[in-house]
Amino acid sequence: MNGRFLAFILAAATVVLIVVGTMFPVSAAKVYAGGGGLSSNSSTAEAALRSLGDQIHANAWGRAYDSLANKAQFTEPQFMSDLMGYYPNLRTYSGLDTFEIFPVHASDTDAEYQVKLHWATVMGDAVETRNVHVVRNGDRWQVNWPIVKEPVVPPQVIPVNYLRWDVIYRGAGDDWAAADVEAPHVKIIDMHPVQRAEGTIIMGELLNEDVVPAYVSVTATLLNKSQQPISTNGSFDKISHLLLPKQVTPFFIRFEDVNLSDVGGVRMTPFSTLIPASADPVIEIQNEKINPAPDASLTGQLVNQSGQIANVAHVLGTFYDQNGNLVWVADQYVDHALLPQTPVDFNIHIPEDLAHKISSQRTVISTYAMGGPQ
């Protein structure tokens, strides 16, 4: 298949998935959601907070902003940007699905709540936690919204010094006979099938052993005891699709409702195609650590060392035991844009029953800018 045509198909498929996901986002588990119409009840602190959640859920930004007690401290566009992002990111194309309210303190004049906002993005549920102060104003209650303003990046010059690969494909008038650019050589260097509650998981690692960048993917076919196919699936999101030379990515393929005891074999098929790429932006990981159970997780901060904005960052964690054996693969899509030199937190959940087996990890960052992956 012609490389440009294949790249076009992959790009078109990605656009379609994003559009479908935006129109029909994945819903979070419903803990609390507003009723059929917009609520404007402010007779109690909790009612005022729930009314605000209903208005944000309905994208009634004007009504939500007007209901705030501290709206003089910021503008309506700043209020919207605080929730949806100052720069295009995953949150920009999401909507508030549900929200949870946890009372912390209450008196006759004010109240404190912890609010969890569940945003339905194209990549699933994104949870944001805010501590919110609600005050009484006469016979009604109003929310003091805890706005977080975007850090201001000062004017500066950042030297650009990075590798870049361009690809020249056969044109319509070119006479190259049978010659064309060869697909990069990739290899599966590790693969483990495991049984989990949701079914069979195939996880492993893929190496780009070539000297050129590759767009990669992996499919797995489960075979029964008679070596007949049971099911075929691919690694869509828990993989870094763009691999520079000698880079390694984990992959994670889920087969729901398939018991590993019924599997007699696994047929793996790696895929690669040559694409233009660059080694910029450079994302540095700071303060990375594994937190033990309960609430086991991998946390840290991403710092964009380049001069361009990374609109979406995908953090992939590969976890190993003390012998270097693969234990688990997990990821997080950071739903805020990465500005130059501005740290952004990440938090990857680790299953509690696996946390005690983990002694080390390797973290891979993929970034996407408006115009394509980096």
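What follows is a short exchange on one buried residue and the cavities of a predicted model.

Author: Residues are numbered from 1 along each chain as its sequence is written. The model is predicted, so local features need pLDDT of at least 70, side-chain atom pairs count only at pLDDT 80 or more, totals for chains, interfaces and linings use all residues, and side-chain values use heavy atoms, with hydrogens and water left out.

Reader: What makes D280 a residue without a salt bridge?

Author: A salt bridge puts a side-chain nitrogen of Lys or Arg within 4 Å of a carboxyl oxygen of Asp or Glu. The nearest side chain of opposite charge, R164, is 9.7 Å from D280. So no salt bridge forms under that rule. D280 is nonetheless buried (under 20% relative accessible area, 1.4 Å probe, protein chains only).

Reader: Why is the link between D280 and Q308 called a polar contact?

Author: The term covers a pair of N or O atoms within 3.5 Å; within protein, one must be able to donate a hydrogen and the other to accept it, and residues adjacent in sequence count only if both atoms are side-chain atoms. The side chains of D280 and Q308 are joined at 3.0 Å, so the distance meets the cut-off.

Reader: What makes a space a cavity?

Author: On a 1 Å grid over the protein atoms alone, a 1.4 Å probe fits there but cannot get out. The count is 2 cavities of 30 Å³ or more. The largest has a volume of about 70 Å³, the second largest about 40 Å³.

Reader: Which class dominates the lining of the largest cavity?

Author: Nonpolar, with 8 residues, against 1 polar and no charged.

Methods: Buried means under 20% relative accessible area, exposed over 50%, partly exposed in between (1.4 Å probe, protein chains only). Lys and Arg count as positive and Asp and Glu as negative; His and the chain ends are not counted. On a 1 Å grid over the protein atoms alone, a cavity is a set of points where a 1.4 Å probe fits but cannot get out, and a pocket is an open set with protein on both sides within 12 Å along at least five of seven lines; lining residues have an atom within 4 Å of a point. Grid points are joined across faces, edges and corners, and a volume is the space filled by probe spheres set on the points. Ala, Val, Leu, Ile, Met, Phe, Trp, Tyr, Cys and Pro count as nonpolar, Asp, Glu, Lys and Arg as charged, and the others, Gly among them, as polar.
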